[in-house]
Amino acid sequence: MSGQDARDVIAAHERVHGMRLATCKCGWEEPIRGRDVTVLHAAHQLDALTAAGFAVVKLPEPVHRCDRDAAWITPDGEVYQVDFDRRNGIWVSDRTTTTGQTFGPTLPSRAHEVAAALLAATAYAEAGERDDRH
């Protein structure tokens with residue numbers, strides 16, 4: 001499925017209405033048995049997206065936001081701040097430590113590329129950890 005965008009993957013997994021089965025035009029079927037067919041099919045579409053190499057990540061809400069910056073706190077208490085300027089790009093800073101490691105300045109499109117690469121590297125490392133346990 002390389003080269004497809006998310007819309008292509010979702011379109012290839014359109015719901016087909018059935019009486020006792022949650023069904024998809026790709027051939028997937030799942031018995032309903034009192035379950036919500038919309039939720040079943042949504043889970044199938046999510047599986048199809050991840051199988052095609054897409055990462056679906058819930059973005060955290062910022063704890064601070066104003067015109068030119070925002071900050072987030074990770075679950076383990078690290079603080080990351082983003083300063084942005086439409087002409088000069090964005091900076092991401094680790095505000096937890098006194099050294100304040102900074103990434104940037106970079107354009108938002110480049111930040112998307114770096115974030116996608118980090119997600120891919122994380123998935124690869126997690127798959128390797130699973131393989132090492134077997």
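The following dialogue concerns the strands of a predicted model and the helix that packs on them.

Modeller: This is a predicted model, in which local features need pLDDT of at least 70, side-chain atom pairs count only at pLDDT 80 or more, and totals for chains, interfaces and linings use all residues. Residues are numbered from 1 along each chain as its sequence is written, and side-chain values use heavy atoms, with hydrogens and water left out.

Biologist: Why are E1 and E2 called paired strands?

Modeller: Strands are DSSP runs of E with at least two residues, while helices are runs of H or I with at least four, both numbered from the N terminus. Two strands pair if DSSP finds at least two bridges between them. E1 (residues 15-16) and E2 (residues 21-24) are joined by two bridges, so they meet this definition. Within E2, Cys 24 is the bridge partner of Arg 15.

Biologist: How do you know that E2 and E3 pair?

Modeller: Three bridges join E2 to E3 (residues 29-31), so the requirement is met, and the two run antiparallel. Ala 22 stands opposite Glu 30 in E3.

Biologist: What makes E1 and E3 edge strands?

Modeller: The open sheet has the order E1-E2-E3. E1 and E3 each have a single partner strand, so one side of each lacks a neighbour in the sheet.

Biologist: What does helix H2 touch?

Modeller: Helix H2 (residues 37-51) touches E1, E2 and E3, where contact means heavy atoms within 4.5 Å.

Conventions: Axes are lines fitted to C-alpha atoms, for helices over the stretch in contact, and angles run from 0 to 180 degrees between N-to-C directions.
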